[in-house]
Amino acid sequence: MTIQSKRLKGVQGKNFEAEIEYNEDLVAIHLPNIYVMNKDTVLEMREMLKDWNEFFKLVGYEETYAAFDQNNLRMKKLVKLLNFEYVRDNIGFSIFRYIGE
């Protein structure tokens, strides 16, 4: 059985856009556009993730994930800076789990 996911779009940071994908089983963060990657951008993303993760847990999700093309080395570096850990590759995507601060 395939569970249909929905996406919340239009989440804006100062230098990036984020989308939240969700269904009854999971919630995942996607970063379709990063315009400037610097220390301030990473710090802003960390604060947003901390707040979002708290909210996601409050509404019943056990974990927060990030998924992106498995060949995207820039994203692999970024998710490690944002305190995600590698879970697995699946159908061309690398999947990471947020472990927090």
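**Second largest pocket and the surrounding sheet**

In this predicted model, the second largest pocket has a volume of about 200 Å³. Its lining comprises 18 residues, among which Ile29, His30, Leu31, Ala66 and Met75 are the closest to the pocket centre. By class, the residues of this lining divide into 15 nonpolar, 2 charged and 1 polar. At least two lining residues are supplied by each of the strands β2 (16-22), β3 (27-34) and β4 (64-69), and likewise by each of the helices α1 (39-58) and α2 (73-81).

The strands that contribute to the pocket belong to an open sheet of 6 strands, arranged in the order β1-β2-β3-β4-β6-β5 with mixed pairing. Because β1 (6-12) and β5 (84-90) stand at the edges and have a single partner strand each, one side of each is left without a neighbour in the sheet. From one strand to the next, the twist averages 30 degrees. Within the sheet, β3 and β4 run parallel and are joined by 3 bridges, and valine 27 is placed opposite threonine 64 in β4.

Both helices that supply residues to the pocket lining also lie across strands of the sheet. Helix α1 lies across β1, β2, β3, β4, β5 and β6 (93-98), and its direction makes an angle of about 20 degrees with that of β2. Helix α2, in turn, lies across β3, β4, β5 and β6, and runs at about 125 degrees to β3.

Definitions and conventions
Residues are numbered from 1 along each chain as its sequence is written. This is a predicted model: local features need pLDDT of at least 70, side-chain atom pairs count only at pLDDT 80 or more; totals for chains, interfaces and linings use all residues. Side-chain values use heavy atoms; hydrogens and water are left out. On a 1 Å grid over the protein atoms alone, a cavity is a set of points where a 1.4 Å probe fits but cannot get out, and a pocket is an open set with protein on both sides within 12 Å along at least five of seven lines; lining residues have an atom within 4 Å of a point. Grid points are joined across faces, edges and corners, and a volume is the space filled by probe spheres set on the points. Helices (H or I, at least four residues) and strands (E, at least two) are DSSP runs, numbered from the N terminus. Ala, Val, Leu, Ile, Met, Phe, Trp, Tyr, Cys and Pro count as nonpolar, Asp, Glu, Lys and Arg as charged, and the others, Gly among them, as polar. Two strands pair if DSSP finds at least two bridges between them. Axes are lines fitted to C-alpha atoms, for helices over the stretch in contact, and angles run from 0 to 180 degrees between N-to-C directions. Contact means heavy atoms within 4.5 Å.
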